Amino acid sequence: MSVRTNRPYRRLLTSTVAVFAAGAFVVGCTSNEPEEEDQPAAEETGGDGGGSGNDEPGETVVIGFSGPEADHGWLAAVNDSAIAEAESYDDIELRTAEGTNDANLQISQIETFINEGVDAIVLLPTDGAQLTEVAIRAMEAGIPVINVDREFSSPFAARATILGDNHGMGISAGTYACQLIEDNDIQDPVIAEIAGIDSLPLTQDRSRGFAEALEACGQTVDNRVAAEFTVESGEEQAANLLQAAPEIDIIWNHDDDQGVGVKQAFDNAGRDEFFFIGGAGSANAMQWIQDGEMEATILYPPTQAADGIRLARLIAQNKGMSDLVQVEVPRRIVLNAPVVNIDNVEDYLHLGFES
């Protein structure tokens, strides 16, 4: 892929924040949930909690954790990080349900946690809408539920929700693409997008953010294909894209798991004239960045469930977040979607997951 040039990363961060802030304002004005202000959060770096008093051992809490089957790298990292985070605290007893993509089975897992009377539940639902009712039942039983990544359809289903920022991923990718165009004086750039599954709201949010950020610098997506978050589909759709576009300047691929196949298609075709931007933050992508084979990736933190474990512990122990004046844990936290490139990749290597 094209080699990087010197460019002011600080300016990129400022631009991204400015554009994202405008998007966040729109979301806040149109939400049908109770009026709550999203609390930004930096990515977690491990089980030290920044040395806050909240890390002092307290009363032992029993936390039930349920998530989807780890059928690709990001989900495996989510599950592993949750377990590792729980193990870093002496006052957490973690009960882990077997990962599943069957909503009915996951519902039965939550019902088991309810019957066992756990102190809190951390739930990354296979489908937010389908798991909403059982989450409400847990809440009504006095068990706080921490909703991770895929939102429930009712605000009464969770005490706290922690999310990655899909729309913000698109904003970050598009803003970075605009900076590449400016810094490299690319005239009439050809911009391509390799999305994930188009029917999913997360894909729609990523594409919407990308288009909005490109519009801010007078650009649009010229060629677009959609894969299915798998290596095979990534290779197939990337090959189709390359056949349709004999010259490309910038490509954003939504997902680093499917990116393994995407890059294979690039290598097979001998194409490297473009800046290649990824999404999610896999270990593969970070290695490609270090090797000069990839320009950047946009982080979608695999720490969400680990952060959920921390929040569940605080809530069950009636603690707040020590760095906030607010005495209780916020109801909604949205994690940042930073650009990871050669300038800062070493700061994020510990978050990289194997595809």
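**View 1. Arg332 is buried and takes part in a salt bridge.** In this predicted model, R332 has a relative accessibility of 17% and therefore counts as buried, since buried means under 20% relative accessible area. The side chain of R332 meets that of E151 in a salt bridge, with 2.6 Å from N to O. This pair links distant parts of the chain, 181 residues apart, with E151 in the loop between strand 5 (145-148) and strand 6 (160-163) and R332 in strand 12 (residues 332-335). E151, at 32% relative accessibility, counts as partly exposed.

**View 2. K263 and E293 form a salt bridge.** The closest N and O atoms of K263 and E293 are 2.9 Å apart, and the pair again links distant parts of the chain, with K263 in helix 8 (residues 256-269) and E293 in the loop between helix 9 and strand 11, 30 residues apart. K263 is buried, with a relative accessible area of 7%, whereas E293 is partly exposed, with a value of 30%.

**View 3. E133 and R137 form a salt bridge within helix 4**. Both residues lie in helix 4 (residues 128-140), where they are four residues apart, or about one turn of the helix, and their closest N and O atoms are 3.7 Å apart. E133 counts as exposed at 56% relative accessibility, while R137 is partly exposed at 31%.

**View 4. Six strands form an open sheet**. The strands follow the order 8-7-9-10-11-13, with mixed pairing. Strand 8 (223-226) and strand 13 (339-341) stand at the edges, and each has a single partner strand, so one side of each is left without a neighbour in the sheet. Neighbouring strands of this sheet are turned by 20 degrees against each other on average, direction ignored.

**View 5. Strands 9 and 10 pair in the parallel sense, and helices pack on the sheet**. Strand 9 (residues 250-253) and strand 10 (residues 275-280) are joined over three bridges, and the bridge partner of W252 in strand 10 is I277. Helix 7 (residues 231-244) packs on the sheet and touches strand 7 (191-195), strand 8 and strand 9, its direction making about 160 degrees with that of strand 8. Helix 9 (residues 283-290) also packs on the sheet, where it touches strand 10, strand 11 (296-299) and strand 13, and its direction makes about 145 degrees with that of strand 11.

**View 6. T175 is buried in helix 5**. T175 has its place in helix 5 (residues 166-183), and its relative accessible area is 8%. A polar atom of the T175 side chain lies 2.7 Å from the backbone oxygen of I171.

Notes:
Residues are numbered from 1 along each chain as its sequence is written. This is a predicted model: local features need pLDDT of at least 70, side-chain atom pairs count only at pLDDT 80 or more; totals for chains, interfaces and linings use all residues. Side-chain values use heavy atoms; hydrogens and water are left out. Helices (H or I, at least four residues) and strands (E, at least two) are DSSP runs, numbered from the N terminus. Buried means under 20% relative accessible area, exposed over 50%, partly exposed in between (1.4 Å probe, protein chains only). A polar contact is a pair of N or O atoms within 3.5 Å; within protein, one must be able to donate a hydrogen and the other to accept it, and residues adjacent in sequence count only if both atoms are side-chain atoms. Two strands pair if DSSP finds at least two bridges between them. Axes are lines fitted to C-alpha atoms, for helices over the stretch in contact, and angles run from 0 to 180 degrees between N-to-C directions. Contact means heavy atoms within 4.5 Å. A salt bridge is a side-chain nitrogen of Lys or Arg within 4 Å of a carboxyl oxygen of Asp or Glu.
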